[in-house]
Amino acid sequence: MFRSLSLLVLLPFAACVGNTYSIPTPAYDAAKYEVVGDASTTKTGIMLLQLIPIGQNDKIERAMQLLMQEKGGDALTDVTIRESWFWAYVLNGYSVKVEAKVLKKKG
């Protein structure tokens with residue numbers, strides 16, 4: 001009984017999900033850019049022993065660069081970011097899912 005109760009109390013703290021945020025971006029100039037398509041990707045960073053960041057500080061930048069590379073684009077618009085995190089005994093993981101419309105310069 002105690003084991004089941006402690007599991008129910010601790011389980012909600014094992015993983016959490018943040019809110020989805022939209023990053024305001026100016027309207028793109030249709031004369032200069034064309035929309036290549038929608039894209040999304042997820043990148044994860046880890047804090048080992050709460051002291052050592054591994055891929056933690058630049059995960060959003062890496063995700064945005066990957067979106068442009070995958071579609072051959074030059075810029076992003078309508079960017080949304082959703083973060084989730086998880087806990088393990090010796091590390092915490094922080095994942096971001098980035099979704100955006102990929103733009104490519106005309107000409």
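A nonpolar surface patch is formed by Leu 49, Leu 51, Ile 52, Ile 54, Trp 87, Tyr 89 and Val 90, with a joint accessible area of about 830 Å². Patch members have over 30% relative accessible area and no salt bridge, and nonpolar side chains (Val, Leu, Ile, Met, Phe, Trp, Tyr) are joined within 5 Å; a salt bridge is a side-chain nitrogen of Lys or Arg within 4 Å of a carboxyl oxygen of Asp or Glu. Areas follow the Shrake-Rupley method with a 1.4 Å probe, and for residues only the protein chains shown count as cover. The model is predicted: local features need pLDDT of at least 70, side-chain atom pairs count only at pLDDT 80 or more, and totals for chains, interfaces and linings use all residues. Residues are numbered from 1 along each chain as its sequence is written, and side-chain values use heavy atoms, without hydrogens and water.

Trp 87 belongs to strand β4 (residues 75-87). Because its relative accessibility is 48%, Trp 87 is classed as partly exposed (buried, under 20%; exposed, over 50%; partly exposed, in between).

The protein contains two helices and five strands, taken as DSSP runs (H or I, at least four residues; E, at least two) numbered from the N terminus. Their order along the sequence is α-β-β-β-α-β-β. Of the 107 residues, 25% are buried.

The largest nonpolar core has 11 residues, among them Ala 39, Leu 67, Val 98, Ala 100 and Val 102. Core residues are buried Ala, Val, Leu, Ile, Met, Phe, Trp, Tyr and Cys joined through side-chain atoms within 4.5 Å. Elements giving two or more residues to this core are α2 (59-71), β4 and β5 (91-105), with the largest share, four residues, from β5.

Notes. Patches are made of residues with over 30% relative accessible area and no salt bridge: like charges are joined within 9 Å, nonpolar side chains (Val, Leu, Ile, Met, Phe, Trp, Tyr) within 5 Å. Buried means under 20% relative accessible area, exposed over 50%, partly exposed in between (1.4 Å probe, protein chains only).
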